[in-house]
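Some notes on the model follow, point by point. They deal with its main pocket and with what is bound there.

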Amino acid sequence: MKIHEYQSKRIFAKYGVPIPNGNVAITPKDARDIAKDLGGRVIIKSQVLVGGRGKAGGVKLANSPEEAEKYAAAILGMDIKGLTVRKVLIDEATNIKSEIYLGITNDRARRMPVMMVSAEGGVEIEEVARKTPEKIIKAHIHPLLGLQGYQIRDIAASIELPRKHWKEFGVIASGLWQAYNESDATLAEINPLVITDEDTLLAVDGKMLIDDSAIFRHPDIAEMRDIDVEAEAETIAREHDLSYIKLDGEIGCMVNGAGLAMTTMDIVKLFGGSPANFLDIGGGADAEKVGAAFRIILSDPNVKVVLINIFGGITRCDEVAKGVLEAIDEVKPDVPMVVRLVGTNAEEGRKMIAEADMITAETLADAAKKAVAASREA
Ligand code: GDP
Ligand code: MN
């Protein structure tokens, strides 16, 4: 789960990371009032769940409350990489001497969190990684021992951070680690961590991703979810407990079981097609759940054909057929559908969909071939 910059920074601040004074506005008038409280010189920052807002015109420096109002009016409602800006963060402006990158993520290959630091902060770290990977310093963190003092000193020395900042840097690096660890994050990032003209360190940007499987342990973070900016399909999937991941292909797949879903995607690819999604409706899905899954698949404009592959066990094929028929009635899709039902109540299920205008298949290979053929014709 992604959370906004202002939310990430507030979490960091709880662990001792210094952040600028600021507040969130949803109207230009609020922005003006907040700017006034902060002394007039502020930075207006769009709160959307994508990076590179600065380049997209979503970060502006204002020199007065009037200017803050003007910029907020321009930024609110702006479209950044397909997301509409509904909130802006108004932060006290900082005079920046230099920008550092400081982040923690999981290194799956090493099975440990890794802290990454670069003196070339501000820009996207992926770019630094590509062009000058030697400028990124890495320190793996033992998950039980945590970030060690010697590692922090080693990092500070490696990025040639002036000595006078080391103590402060230590507090920030440890704070970021604690925030990451205690929030079950998969990413905690400060980019940039700046050295100000007053020679202090300040986290002017913040980003956090929280492991979806751990959200239940953090009701306070769960509450931060912004369904306003979440894709509608993701909201429906979450509400119906469906595992859904959107992909770029054109064959929408509805399958029960994660293993079968992956197999289905593999077979689709084997026959030259490309899956539009991973979607596991889970065991024992009823008609309502199937209907939700169907709506999710059809909300994707890339989908040219739907492939339904159900292995009935606890999930009953007639329930799936009922859900599909109800959903068809409601959504009236104009894409072809290929159905393969086997297992519990498959006969009943097939009878139910016999009247509907669907392509049926006996085996998974057969179903995949037919789906690929139908997507080519479309
Ligand atoms: P991002 O583009 O979405 O990563 O947004 P950032 O918060 O990182 O802002 C982009 C850039 O704007 C930063 O790298 C800074 O160079 C600049 N910036 C952000 N806040 C301030 C500020 O308070 N004062 C000044 N002068 N520049 C800022
Ligand atoms: Mn940034």
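1. The largest pocket lies between domain 1 (21–92) and domain 2 (96–222), because both domains give residues to its lining. The model is a predicted one, and what follows should be read as a description of that model.

2. The space in the largest pocket comes to about 1000 Å³. Its lining is made up of 42 residues. Those nearest the centre of the pocket are Gly52, Arg53, Gly122, Asn191 and Asp205.

3. How many residues of each class line the largest pocket? The lining has 19 nonpolar residues, 14 charged residues and nine polar ones.

4. Ligand 1 sits in this largest pocket. Around ligand 1 there are 13 residues, and Lys45, Arg53, Gly54, Thr94 and Glu99 are the closest of them. Arg53 therefore appears in two lists: it is among the residues nearest the pocket centre and among those closest to ligand 1, with the pocket itself lying between the two domains because both contribute to its lining.

5. Polar contacts of ligand 1 include two with side chains. An N or O atom in the side chain of Lys45 is 2.5 Å from an oxygen atom of the ligand, and for the side chain of Glu99 the corresponding distance, again to an oxygen atom of ligand 1, is 2.6 Å. At Asn191 a polar backbone atom is 3.2 Å from an oxygen atom of ligand 1.

6. On its own, ligand 1 has 560 Å² of accessible area, and the protein covers 79% of this.

Methods:
Residues numbered from 1 in each chain as written. Chains lettered and ligands numbered in written order. Predicted model: local features only at pLDDT ≥ 70, side-chain atom pairs only at ≥ 80, totals over all residues. Heavy atoms only, no water. 1 Å grid on protein atoms, 1.4 Å probe; cavity = no way out; pocket = protein on both sides within 12 Å on 5 of 7 lines; lining within 4 Å. Points joined across faces, edges and corners; volume = space filled by probe spheres on them. Nonpolar A, V, L, I, M, F, W, Y, C, P; charged D, E, K, R; others polar. Domains from an automatic or database assignment. Near = heavy atom within 4 Å. Polar contact = N/O pair within 3.5 Å; in protein donor to acceptor, adjacent residues only side chain to side chain. Areas by Shrake-Rupley, 256 points an atom, 1.4 Å probe, with all protein chains shown as cover. Sits in = over half its atoms within 2 Å of the grid points.
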